[in-house]
Amino acid sequence: MPNSGPPLELRRRNAGAATDRLVNCGLSTRRRDRPTAVRGAFLATQRHRNDFIMILQRLLITAIACGATATSLAAEPATAKPESVKPGINDRFLAPDLDVREWVERFEVESREIYHARQIVAARLKLKPGDRIADIGTGTGIFVEPFSAAVGPTGWVYALDIAPAFIDRIGAIIDVKSLANVTPVLCGQDDLRLPPESLDAAFICDTYHHFEYPQTSLASLLRALKPGGQVVVIDFERIEGVSREWTLGHVRAGKEVFRQEFEDAGFAFVEEVEIPGFVENYFLRFRKPAQ
Ligand SMILES: C[S@@+](CC[C@H](N)C(=O)[O-])C[C@H]1O[C@@H](n2cnc3c(N)ncnc32)[C@H](O)[C@@H]1O
């Protein structure tokens, strides 16, 4: 909240101190030169008057403080939170009792196209030693090791997810496999929490359709990428009358819509890459335009 003065607490205290100072200085009733009875009556009247004035002053100061707060609140720009494009889609991942083993069994099976083709997919990113890549929505971390090997000891892998349990798992993978160039990052639903122009590449696998705030997430990604940096998106083909019922219900839009959303966010489409074995999935490459 914009604030041009001391905190409200302090202002109130200072206001109180200022009031006391005013009362003490201007309205002192100690007059020793009058007869006692007269002085007593006089003091009583004066005391009532002083109390009354003090109450008025305190009311006035409180009114001014409230007015200032109301004005500064009114002056603050309204930052309405955008609405989720798919409310609830991440509830299972955000559940405090998420069972990671259950997701390992789902994600890390050869019958899953993406898992089966993981080495080919990693190779098609054409990562170079020294590159910095973010695996956004890393899940159980099936690409962490291939990326770590591809960027080598001078490169870095940021494994991002919104689910704390998956981030813990990445920490365990790092320990067990002694990966010295991987950092797990608990990111926000609409914010990667990575520094500007820190990435050569970003990888969003089976995750873009989980973005609840795609516009803000893509703006955050554009900031985090270096000019010329690439983004690879793997997602489900979603074709009415062709795709499975599950896909039609779970994935909010098809390839053309997603491609347009990336282009609207400022990414340039580069190519669609054929991956052997992909039937339900596609691989798109974009770039952040070089300045
Ligand atoms: C279907 S899983 C895919 C995991 C992994 N990429 C894979 O292909 O095995 C989707 C993952 O995206 C994560 N996720 C959802 N929204 C996200 C967001 N806005 N930013 C980062 N991760 C997100 C979920 O927690 C989940 O781990």
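Colleague: What makes β1 and β2 a pair in this predicted model?

Modeller: Two strands pair if DSSP finds at least two bridges between them. Strands β1 and β2 share five bridges, in the parallel sense. So the pair meets the rule of at least two bridges. One bridge sets Arg 132 opposite Trp 156 in β2. Helix α7 (residues 144-151) carries the chain from β1 across to β2, and this β-α-β crossover is right-handed.

Colleague: How do you know that β2 is mostly covered?

Modeller: A residue is buried if 20 or more other C-beta atoms lie within 10 Å of its own. Six of the six residues of β2 (residues 156-161) are buried. Both faces are covered. Trp 156, Tyr 158 and Leu 160 are buried on one side, and Val 157, Ala 159 and Asp 161 on the other. In a regular strand, side chains alternate between the two faces of the sheet.

Colleague: What makes β2 and β3 a pair?

Modeller: Again, at least two bridges are needed. Strand β2 has five with β3 (residues 182-186), and they run in the parallel sense. Val 157 stands opposite Val 182 in β3. Between the two strands, the chain passes through helix α8 (residues 164-177) in a right-handed β-α-β crossover.

Colleague: Why is β4 called largely enclosed?

Modeller: Because seven of the seven residues of β4 are buried, the rest of the structure largely encloses this strand.

Colleague: Which strands pair with β4?

Modeller: Strand β1 (residues 132-136) pairs with β4 in the parallel sense over three bridges. Ile 133 has Ala 201 as its bridge partner in β4. Strand β5 (residues 225-236) runs parallel to β4 and is joined to it by six bridges. Ala 201 also stands opposite Gln 230 in β5. From β4 the chain goes through helix α9 (residues 214-224) to β5, another crossover that is right-handed.

Colleague: What makes the largest nonpolar core a core?

Modeller: Its members must be buried nonpolar residues joined through C-beta atoms within 7 Å. The largest such set has 49 residues. Among those with the most contacts inside it are Ile 133, Val 157 and Ala 202. Strand β4 gives the most to this core, with six residues. Ala 202 touches Ile 133, Ala 134 and Leu 221, including residues beyond four places away in sequence.

Colleague: How many residues surround the ligand, and what kinds are they?

Modeller: The ligand has 22 residues around it. Phe 93, Gly 137, Gly 139, Asp 206 and His 210 are the closest. The shell divides into twelve nonpolar, eight polar and two charged residues.

Terms used
Residues are numbered from 1 along each chain as its sequence is written. This is a predicted model: local features need pLDDT of at least 70, side-chain atom pairs count only at pLDDT 80 or more; totals for chains, interfaces and linings use all residues. A residue is near a molecule or strand if its C-beta atom, placed from the backbone, lies within 6 Å of it. Ala, Val, Leu, Ile, Met, Phe, Trp, Tyr, Cys and Pro count as nonpolar, Asp, Glu, Lys and Arg as charged, and the others, Gly among them, as polar. A residue is buried if 20 or more other C-beta atoms lie within 10 Å of its own, exposed if 12 or fewer, and partly exposed in between; C-beta atoms are placed from the backbone. Helices (H or I, at least four residues) and strands (E, at least two) are DSSP runs, numbered from the N terminus. Two residues are in contact if their C-beta atoms, placed from the backbone, lie within 7 Å. A crossover is right-handed if, with the strands pointing away from the viewer, the path from the first strand over the helix to the second runs clockwise.
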